[in-house]
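Biologist: I have a structure here and some loose questions. Can we go through them one at a time?
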Amino acid sequence: MKENITFIGAGNMAKAMIGGIVTSGLAAPAQVTASNPSAARLDALKEEFGIHTIQNDNAAAAAQADIVVLSVKPYLYEAVIAEIKDVVKPETIVIMIAAGQTISANEARFAKSVKLARVMPNTPALVGEAMSAVCFNTEMTDTDKEIVMNIVSSFGKAEMVSETMMDTVTGVSGSSPAYVYMFIEAMADAAVLHGMPRAQAYTFAAQSVLGSAKMVLDTGMHPGALKDNVCSPGGTTIEAVAALESSGLRAAVIDAIDVCVKKSQEMSK
């Protein structure tokens, strides 16, 4: 791509996105700039990826950009947009990656015609395996959308959704790595209970989750069918599955995602 990209904010998600963009070859380091108050964080990004950095001048960073990624905490959006709105050009694409930040609310903050993309990634972006949802405002052209999808796909999988689905996305992918980590930890605890060393237990549990997820994505088979393939009649696996059903695993997961979605809906109001 030929566009220059500026990140306002240089936290972990910005680092993950920059890593995906640069290491995939989607953009050269010279096309990427990060702006942040912390000199130490900027120096670390410059050292690792060779990008440009600007400290404490968001307006200058945004003025030179074809794409601006707002990678700051949600409560900072109003202040940051006030800093940059006068220098953002009509053709500049603005990508928002903060939870609860709606397109309409930020169109109002810019108070002019602006191209906005709303992206909900998750923390596996840090290892190039994000699941990201993307939606756009009406100012975005098909070419603009393709540019954004290429960026987001550089650090994992990405799907376009309607903005009405963003709260659901928060529950099923945005927050769900935490649920999966709990499941891995619980499996490892059980292995330790039966004598396996802790480090080895985490490896066995985590790799099993990784492989199972890859089976779902690569085969396209229904998860229930894949589960059935592992469950021999009268065997060990169906015994474990019966115990999980008895303990309410499915209901617990559904309840967790339900409360997560409802909390996200409250934050978006």
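Modeller: We will take the core, one odd aspartate, two loops, a pocket and some salt bridges, and the model is a predicted one.

Biologist: How many residues are in the largest nonpolar core, and which have the most contacts inside it?
Modeller: That core has 36 residues. Those with the most contacts inside it are Phe 7, Ile 18, Ile 95, Val 148 and Ile 151.

Biologist: Which helix gives the most to this core?
Modeller: Helix α1, residues 12-23, gives the most, with six residues.

Biologist: And what does Ile 95 touch?
Modeller: Leaving out residues up to four places away in sequence, Ile 95 touches Ile 67, Val 68, Val 69, Leu 70, Ala 117, Val 119, Val 148 and Ile 151. There is also a second, separate core of 24 residues, which includes Ile 8, Ala 62, Val 72 and Val 94.

Biologist: New topic. Where is Asp 167, and is that residue buried or exposed?
Modeller: Asp 167 is in helix α7, residues 166-174. Asp 167 is buried, yet has no salt bridge.

Biologist: Which side chain of opposite charge is nearest to Asp 167?
Modeller: That is Arg 118, 4.9 Å away. A salt bridge needs a side-chain nitrogen of Lys or Arg within 4 Å of a carboxyl oxygen, so this pair does not count as one.

Biologist: What is Asp 167 in contact with, then?
Modeller: Apart from neighbours within four places in sequence, Asp 167 is in contact with Val 261, Ser 264, Gln 265 and Ser 268.

Biologist: Now the backbone. Which sign does phi have at Asn 56?
Modeller: Phi of Asn 56 is positive, about 60°, although Asn 56 is not a glycine. Asn 56 is in the loop between β3 (52-55) and α3 (58-63). Asn 56 is exposed, with a relative accessible area of 56%.

Biologist: What about Ala 111?
Modeller: Ala 111 is also not a glycine, and its phi is a positive value near 55°. Ala 111 is found in the loop between α5 (103-110) and β6 (115-120). At 59% relative accessibility, Ala 111 counts as exposed.

Biologist: On to pockets. How much space lies in the second largest pocket?
Modeller: About 470 Å³. The lining of this pocket has 18 residues, and Met 13, Lys 73, Ile 97, Ala 98 and Ala 99 lie nearest its centre.

Biologist: Which helix supplies the largest share of that lining?
Modeller: Helix α1 does, with three residues. Both α1 and α7 supply at least two residues each. Helix α1 is also the one that gives the most to the largest nonpolar core.

Biologist: Last topic. How many salt bridges are there?
Modeller: The count comes to nine. One of them joins Asp 189 and Arg 198, at 2.6 Å from N to O. Asp 189 is partly exposed at 36% relative accessible area, and Arg 198 is partly exposed at 35%.

Biologist: Where do Asp 218 and Lys 214 sit, given that they meet in a salt bridge?
Modeller: They are four residues apart in helix α9, residues 198-219, which means they are separated by about one helical turn. Their N to O distance is 2.9 Å. Asp 218 and Lys 214 are exposed.

Biologist: And how far apart in sequence are Asp 258 and Lys 262?
Modeller: They are four residues apart in helix α12 (residues 249-267), about one turn of the helix. Their side chains meet in a salt bridge of 3.1 Å, N to O. Asp 258 is partly exposed at 34%, and Lys 262 is partly exposed at 44%.

Notes
Residues numbered from 1 in each chain as written. Predicted model: local features only at pLDDT ≥ 70, side-chain atom pairs only at ≥ 80, totals over all residues. Heavy atoms only, no water. Core = buried A, V, L, I, M, F, W, Y, C linked by side-chain atoms within 4.5 Å. Buried < 20%, exposed > 50% of the residue type's maximum accessible area, 1.4 Å probe, protein only. Contact = heavy atoms within 4.5 Å. Lys, Arg positive; Asp, Glu negative; His and termini not counted. 1 Å grid on protein atoms, 1.4 Å probe; cavity = no way out; pocket = protein on both sides within 12 Å on 5 of 7 lines; lining within 4 Å. Points joined across faces, edges and corners; volume = space filled by probe spheres on them.
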